[in-house]
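Let's take a friendly walk through this structure together. Keep the sequence and the 3D view open as we go.

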Amino acid sequence: MRRSMVAGNWKMHGTRASVAELIDGLNRQALPADVEVAVFPVSVHLGQVVEGLKDLAVSVGAQDCAVEAGQGALTGEVSSEQLRDAGCELVLIGHSERRLILGDSEEQVVRKFAAAQVAGLVPLLCVGETLEQREAGETLKVVAGQLDSVIDALGVAVLANAVVAYEPVWAIGTGLTATPQQAQDVHAAIRAQVAAKDPQVAGGLRILYGGSVKAANAAELFGMPDIDGGLVGGASLNADEFGAICRAAGN
């Protein structure tokens, strides 16, 4: 039985003051014990969040990591080893904003995924298509290609200690959301793709949906058989809304 997961990606939001308020709000939430909850703050706030949530069953993750696991001459980057040392347990890999705006290539995504696991972090691999790709009927081809980049380079077994998030780019921060059936269709295809190589890994793989998830639509999305929770963006900046999403996953 796969344990549901709700992950909050805070993106490039927050000051020390606003993060303190969000931490306080999260500490007041009644979070379901059967749901793994994680938050991904900006790197400069990681220490504050790790300390602020130490008494709550919430994991802290980073939004990205360097392609090298250790330390070295890579100015401006933060390695997975350093993130682990800072108290992180997970790291986002291949978020669409990294791919499309900041130019992360498939090779870089694979290297970051590998570096995360070397350091003992759980990679949360993001895959998804743009609106143009969906309208061209290329959704499954695009998503399969992004997933295959990791599988072909590192082997399917690496997914046994990873999470995948399907995030249609056209639904991120737009207010648009894939219908539960649209999301389920892609999630089922992802699981089938992995199952063709290793049914056991596929059965245990948690696949989250990301794309304008909110309390109002969470229960319907999470009710689908292959949707194991959500990667939440804007709604994760509101503790009450995020708590409600987590409780929806528990139901």
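A good place to begin is Leu208, which sits in strand β7. Please bear in mind from the start that this is a predicted model. Leu208 has a relative accessible area of 0% and is therefore buried, since the cut-off for that label is under 20%. Which residues surround Leu208, once its neighbours within four places in sequence are left aside? Its contacts are Met5, Ala7, Leu124, Val163, Val164, Ala165, Tyr166, His187, Asp228, Gly229, Gly230 and Leu231. Leu125 makes a useful landmark here: 83 residues separate Leu208 from Leu125 in sequence, and their C-alpha atoms are 9.8 Å apart in space.

For a contrast, turn to Thr75. This residue belongs to the loop between β3 (58-62) and α3 (80-85). With a relative accessible area of 85%, Thr75 is exposed. Thr75 and Pro123 are 48 residues apart along the chain, and 22 Å lies between their C-alpha atoms.

Follow the chain on into helix α3 and you meet Ser80. Is Ser80 buried or exposed? Ser80 is buried, because its relative accessibility is 0%. The side chain of Ser80 comes to 2.7 Å from the backbone oxygen of Ala115. Ala115 is also among the residues in contact with Ser80 when neighbours within four places in sequence are set aside; the others are Cys65, Glu68, Ala69, Ala116, Ala119 and Leu121.

Now for the annotated residues. An unreviewed UniProt entry gives the annotation "active site" to His95 and Glu167. The two are spread over 73 residues of sequence, yet they cluster in space, with a largest C-alpha distance of 8.4 Å. Of this pair, His95 is included in the lining of the largest pocket.

Where does each of them sit? His95 is in the loop between β4 (90-93) and α4 (96-100), while Glu167 is in the loop between β6 (163-166) and α8 (180-195). Although found in loops, they are not on show: His95 counts as buried because its relative accessibility is 4%, and Glu167 is buried too, at 3%.

What joins the side chains of Glu167 and His95? A polar contact of 3.2 Å does. Beyond its neighbours within four places in sequence, His95 also touches Asn9, Lys11 and Cys126, alongside Glu167. Counted in the same way, Glu167 is in contact with Gly94, His95, Ser96, Cys126, Val127, Gly128, Glu129, Ile172, Gly210 and Leu231.

The pocket that His95 helps to line deserves a look of its own. The volume of this largest pocket is about 540 Å³. Its lining is made up of 21 residues, and those closest to the centre are Met12, Gln63, Asp64, Arg98 and Leu102. By type, the lining divides into eleven nonpolar, five polar and five charged residues.

A second annotation from the unreviewed UniProt entry, "binding site", is placed at Asn9, Trp10, Lys11, Gly173, Ser212, Gly233 and Gly234. These residues span 226 residues in sequence, but no two of their C-alpha atoms are more than 13.6 Å apart, so they gather at one spot. Asn9 and Lys11 are included in the lining of the largest pocket, and both of these residues are in contact with His95.

Several of these positions lie in loops. Lys11 is in the loop between β1 (4-9) and α1 (16-27). Ser212 is in the loop between β7 (206-210) and α10 (215-222). Gly233 is in the loop between β8 (229-232) and α11 (239-250), and Gly234 is in that loop as well. In accessibility, Ser212 counts as buried at 17%, whereas Gly234 is exposed at 60%.

The backbone has something to show here too. Most residues other than glycine have a negative phi. Lys11, however, has a positive phi, near 50°, and Ser212 has a positive phi of about 60° although it is not a glycine. Both Lys11 and Ser212 are among the positions annotated "binding site" in the record.

Definitions and conventions: Residues numbered from 1 in each chain as written. Predicted model: local features only at pLDDT ≥ 70, side-chain atom pairs only at ≥ 80, totals over all residues. Heavy atoms only, no water. UniProt positions renumbered as here; feature names shortened; annotations may be inferred. 1 Å grid on protein atoms, 1.4 Å probe; cavity = no way out; pocket = protein on both sides within 12 Å on 5 of 7 lines; lining within 4 Å. Helix = DSSP H or I, 4+ residues; strand = E, 2+ residues; numbered from the N terminus. Buried < 20%, exposed > 50% of the residue type's maximum accessible area, 1.4 Å probe, protein only. Contact = heavy atoms within 4.5 Å. Polar contact = N/O pair within 3.5 Å; in protein donor to acceptor, adjacent residues only side chain to side chain. Points joined across faces, edges and corners; volume = space filled by probe spheres on them. Nonpolar A, V, L, I, M, F, W, Y, C, P; charged D, E, K, R; others polar.
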